[in-house]
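Biologist: I have not looked at this one before. Could you walk me through it?

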Amino acid sequence: MKNKKILLSLLIILSCCTQSFSQWTNVINFPTLFVADITKCGNKIFAGTSTGILNAGQVYVSEDEGQSWSLVNTGFNISGVFSMASRDNFIYVGTYQDGLLMSTDAGDTWTLNDMGVWRLGVFGLGVSGDNNVFAYINHGTGQNLSTDKGYTWSPLTLTNSLYQFQTFADLPGRFLSGGRKGIGLSTNNGVNWSAQSNNGLDSNPDGTKPMKAIYYFNDKLFAGCINKIYHSSDFGNNFTATNMLLNNFEYVTSFVSAGNKLFASVNTSSGSSTSAVLMTANDGADWINYQENGFPGRGVRALEVSNDYLIAGTNQNGIWIRPLEKFDLNLII
């Protein structure tokens, strides 16, 4: 028995040494390709991209966990993709100025809905419950809700403490959003909203507390805010800053988890040497660089996890993947 334990320990150490040299691989190499968002739908992974100044958008799909990608023929020439969301077989793609691209059959066919607005931009998308879809748009009140899976839409009028919702977390009984002034909460799938207290967050001089990414993990709400990553144990009323010792970056763009690890992506400033992918295995007490042996460019806009890979959509260098180091995602000896 003792020899078996020693052998197991040696195998784990060998695995750690081997896996620690995992490298990123460029799976879509397209000059100046900007990957705005990535979403999963069943066994498919979809990536929304744009080239130039958001004037030419495309949707790519992978059916092998991100190892290879093909261009989706949506039937439409769209402006740059800005946001994505999915639920069941429904996929929602927000464009820069052509409205909402939608599929109801996991990407086989598509329709385009401009919600009756010329050059409609859809800059944030979230799905809650069985039927409700929330969209942050560049028209009217800025906030629109669909209660029939995206077919029809109605504007929402929210208080001044709630606006520019761009990132969402759907939990049992709670639909949370991060916006220009912190966390908003809905207990009826986005129909009505209230502002959380958002205590502990740093503020801009104008009093705003902007968030680009939120994620619920290990009974905590993680939020990327001004120069820091915070977490809250009470759904956004009180926040504590995690130990993210970085500088010279613009904002946190996304979170995703695998096992006991939480990954964060960062949009870095021009010329910055700051890592664009971070990882914590202890709820933010320590963050490490997860971009070593990584990709060039000025940051990552979107992360997604397949069974075997961490997938990163970059600002200027397409899509990269890295094997997940499964040996230590949830190691129990």
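Modeller: What follows is a short tour of cysteines, one strand residue and the aromatic rings. This is a predicted model, in which local features need pLDDT of at least 70 and side-chain atom pairs count only at pLDDT 80 or more, while totals for chains, interfaces and linings use all residues. Residues are numbered from 1 along each chain as its sequence is written, and side-chain values use heavy atoms, with hydrogens and water left out.

Biologist: How many disulfides are there?

Modeller: The count comes to zero disulfides, where a disulfide is a pair of cysteine sulfur atoms within 2.5 Å.

Biologist: And C41, is that buried or exposed?

Modeller: C41 counts as buried, at 3% relative accessibility, and C225 is likewise buried at 3%. Buried means under 20% relative accessible area, exposed means over 50%, and partly exposed is in between, using a 1.4 Å probe and protein chains only.

Biologist: Switching topic, where is S50?

Modeller: S50 sits in strand 3, residues 44–51; strands (E, at least two residues) are DSSP runs, numbered from the N terminus. S50 has a relative accessible area of 1% and is therefore buried.

Biologist: What is S50 in contact with?

Modeller: Leaving aside neighbours within four places in sequence, S50 is in contact (heavy atoms within 4.5 Å) with T32, L33, F34, A56, G57, G80 and V81.

Biologist: How many aromatic pairs does the whole structure have?

Modeller: A search of the whole structure finds 17 aromatic pairs. Rings of Phe, Tyr and Trp (its six-membered ring) pair if their centres lie within 6.5 Å, and planes under 30 degrees apart count as stacked, over 60 as edge-to-face and the rest as tilted. One of them is F175 with W193, a tilted pair at 5.5 Å centre to centre and 50° between the planes. This pair links distant parts of the chain, 18 residues apart, with F175 in strand 15 (residues 174–179) and W193 in the loop between strand 16 (182–186) and strand 17 (194–195).

Biologist: Buried or exposed, that F175?

Modeller: F175 is buried at 1% relative accessibility, and W193 is buried too, with a relative accessible area of 12%.

Biologist: Why is the pair of Y216 and F235 called stacked?

Modeller: Their ring centres are 5.8 Å apart and their planes are at 10°, so the pair is stacked. Y216 is partly exposed, with a relative accessible area of 28%, whereas F235 is buried at 18%.

Biologist: What lies over the face of F235?

Modeller: R174 does, at 3.8 Å from the ring centre; a charge sits over a ring if NZ of Lys or CZ of Arg is within 6 Å of the ring centre and within 35 degrees of the ring normal.

Methods:
Helix = DSSP H or I, 4+ residues; strand = E, 2+ residues; numbered from the N terminus.
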